[in-house]
Amino acid sequence: MKGLVIRNTGSWYTVLTDDGQTVDCKIKGNFRLKGIRSTNPVAVGDRVNILINNQGTAFINEIDDRRNYIVRKSPNLSKQSHIIAANVDLAVLIATVDHPVTSTTFIDRFLASAEAYRVPALLVLNKTDLLDEDMLRFQQMMEDLYKNIGYDVIQVSAVTGKGIDSLKKMVKDKISVFSGNSGVGKSTLLNLLIPGINLRTAEISEHHNTGMHTTTFSEMFKLPQGGWAIDTPGIKGFGSFDMEPTEICGYFPEIFRFSQNCKFSNCTHTHEPGCAVLDALEKHYIAQSRYVSYVGMLSDKDEAKYREAF
């Protein structure tokens, strides 16, 4: 029996079968032995095959080939990945310039991961209604930075409704995965997009200006205008996984464009003579924050560094 994984609570998976049933399933015991270096070998968005035994328990025994996925380093097991979602058309990153602060390093790591797995990305800057004039100017600079690179960016407010119609148009008829730090308003936005789902929300900590986890597992919801939205737990850091240093330049589009003019084909863009990237950085064609993110991913040893605001 074939179906789509629409919910993952850790040990159980809910599958929407092709004939419209929802079936709670487990993974067959030997399934994890197939060389899948992931804390969750089955992810929301996967197309799977299920079997039901004589006792009535359903098991996932096969995953169809994925066309793409979004993955990050497991927060607990450094040599394993954690698949956020599979078979998606759009990766939607909800970010806030304040209440709480989303670091540019986190944004860049998410966008680089989307580039690595060939998933188009949309940056949504939320909580516009809470910003003073200085922060609004900073948010506009953020939008201009990422738009100039080539990314779609929307400024929104779940309170005033600003940008919500634009967001609805962007996700219409797509399978979109929504991600971001805890407290950025992801669940509140999804409640607006899908009336009646009533996802739980929580206030951010005023003392630390950080969010609290309200979503504890990944789940897919049908969008009223067509398509699906995948809600995922809030994450504090976005560690890159399985990226070779020589590949990382390719996941920063503006750095990659300038790298074509470097003197040496194996240039790391950190110290070499005749480096077109360093020249572009000096002339402000590449943002300092983006370059810092690139260099950070090259070394990627300090697990705490991408949790800090730039």
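What share of the 310 residues of the protein chain counts as buried? I looked this up before anything else. The figure is 51%. I am working from a predicted model.

**Whole chain**

I counted the elements next. The protein chain holds 8 helices and 13 strands. I then checked contacts between residues at least 6 apart in sequence, and 64% of them join residues at least 24 apart. For the surface, I noted about 15,200 Å² exposed by the protein chain. Carbon and sulfur atoms supply 50% of that area.

**Strand β3 and its partners**

I turned to β3, residues 22-27. Which of its side chains are buried? I found V23, C25 and I27 buried, pointing to one face. T22, D24 and K26 point to the other face and are not buried. I recognise the general pattern: in a regular strand the side chains alternate between the two faces of the sheet.

I followed β3 to its neighbours. With β2, residues 13-17, β3 pairs in the antiparallel sense, over 4 bridges. T14 stands opposite D24 of β3. I noted that D24 belongs to the set of β3 side chains that are not buried. The β2–β3 hairpin has 4 residues between the strands. In that hairpin I picked out G20, with a positive phi near 95 degrees.

With β5, residues 58-63, β3 runs parallel, joined by 3 bridges. Here C25 stands opposite A58 of β5. C25 is one of the buried side chains of β3.

**Helix α1**

I moved on to α1, residues 104-116. Its 13 residues reach 18 Å from first C-alpha to last, close to the 18 Å expected at 1.5 Å a residue. Is α1 mostly covered or mostly uncovered? I read it as mostly covered, with 12 of the 13 residues buried. The buried residues include F106, I107, F110 and L111. D108 and R109 are also among them. After the helix I checked R118, which follows α1 and has a positive phi, near 60 degrees.

**α1 against α8**

Last, I looked at how α1 meets α8, residues 288-299. At what angle do the two helices pack? I noted about 65 degrees, with the axes 9 Å apart. The contact uses T104, T105, D108, R109, L111 and A112 of α1. From α8 it uses S289, R290, S293, G296 and M297. I logged the crossing of α1 and α8 as right-handed. I also kept a general reminder: an α-helix has 3.6 residues a turn, so residues three or four places apart point the same way. Back on α1, T104, D108 and L111 lie in the contact with α8, and these three residues are among the buried ones of α1.

Key. Residues are numbered from 1 along each chain as its sequence is written. This is a predicted model: local features need pLDDT of at least 70, side-chain atom pairs count only at pLDDT 80 or more; totals for chains, interfaces and linings use all residues. Side-chain values use heavy atoms; hydrogens and water are left out. The expected span of a helix is 1.5 Å times one less than its number of residues. Buried means under 20% relative accessible area, exposed over 50%, partly exposed in between (1.4 Å probe, protein chains only). Two strands pair if DSSP finds at least two bridges between them. Contact means heavy atoms within 4.5 Å. Accessible areas come from the Shrake-Rupley method with a 1.4 Å probe; for residues, only the protein chains shown count as cover. Axes are lines fitted to C-alpha atoms, for helices over the stretch in contact, and angles run from 0 to 180 degrees between N-to-C directions. A crossing is left-handed if the near helix is turned anticlockwise from the far one by less than a right angle, and right-handed if clockwise.
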